[in-house]
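Subject: Structure handover

Hello,

Here is the structure I said I would pass on. Please look through it before reading the notes underneath.

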Amino acid sequence: IFVRGASMADETVSVRALTACCAHLALGAAAIIRSVASPGSGNSKEGLVDKSDEPGVGFDPQTIADRSAQHFITQGLLVVWPNLRIVGEEPEDSGGVLDSAKASSKPSFDSLNECWSDASDQLLLMSEVCVWVDPLDGTKEFTLERFDFVSTLIGITLRGRPVAGVLAEPYYFSYFDGGAGRSDPTRVLWGCSLNAVGAHVLGDGAWKATRGGEDRAIIMTSRSRTVGKTQE
């Protein structure tokens, strides 16, 4: 686990700017993941290690794509907000990262403005904010080249409660929605529960979230966790 940040009590952060930066970094992390492996490349096990340190847990895979994507996201956030509290899934000392993950990335703060008005933005006390990073959800599927099950997840909590988040699917348009001719196959979804901002797709103002009936629940989980207790 990567943990960093110790904010000053009076520091504030715009939830719109923070979410926009997370969306920008998730898009960059997706490109890093694809640079490690693409369909048919056979490189998905590069830098593979077992990060489990608990007896009886079994093999817990981590690749250079996991480590590099997390490094890119966390360092990108800390460049802008050095005191931001961040929790990442991958341990800092579990292996090397790609040089591309060390490259500085100028953050984008206005990419969400089309769907997120100034009036709906909100300043949050940074001491009450935490950003949670799962750089490559579905590592087992990644190593098996089931890339359509791979995603990058970034969550933002306020006083321990989720208020915003970003989900990047690095290979989405390689498998769905007619991706022919696209230079970037990534789809990035983002959303915020504050001030009725709602859920959106980055760069697609026409996209609308579908809602299920009030009498049913929608459960999302990694493909490898669809058995056992989750299924029960």
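The notes below cover one helix, the core, a hairpin and one loop residue.

This is a predicted model, in which local features need pLDDT of at least 70 and side-chain atom pairs count only at pLDDT 80 or more, while totals for chains, interfaces and linings use all residues. Residues are numbered from 1 along each chain as its sequence is written, and side-chain values use heavy atoms, with hydrogens and water left out.

Helix 1 covers residues 15-36 (helices are DSSP runs of H or I with at least four residues, strands runs of E with at least two, both numbered from the N terminus). Of its 22 residues, 18 are buried (under 20% relative accessible area, 1.4 Å probe, protein chains only). At the N-terminal end of helix 1, Ser 14 acts as a cap, with a side-chain oxygen 3.3 Å from the backbone nitrogen of Arg 16.

The largest nonpolar core has 51 residues, and Leu 18 and Trp 81 are among those with the most contacts inside it (such a core is a set of buried Ala, Val, Leu, Ile, Met, Phe, Trp, Tyr and Cys residues joined through side-chain atoms within 4.5 Å). Helix 1 gives the most to this core, 13 residues.

Strand 10 and strand 11 form a hairpin with five residues between them, and Asn 195 in the turn has a positive phi of about 55°. Trp 190 has His 200 in strand 11 as its bridge partner.

Ser 120 sits in the loop between strand 5 and strand 6. Ser 120 counts as buried because its relative accessibility is 18%. Beyond neighbours within four places in sequence, Ser 120 is in contact (heavy atoms within 4.5 Å) with Asn 195 and Val 197.

Regards

How values were computed
Expected span 1.5 Å × (residues − 1). Buried < 20%, exposed > 50% of the residue type's maximum accessible area, 1.4 Å probe, protein only. Polar contact = N/O pair within 3.5 Å; in protein donor to acceptor, adjacent residues only side chain to side chain. Pairing = 2+ DSSP bridges.
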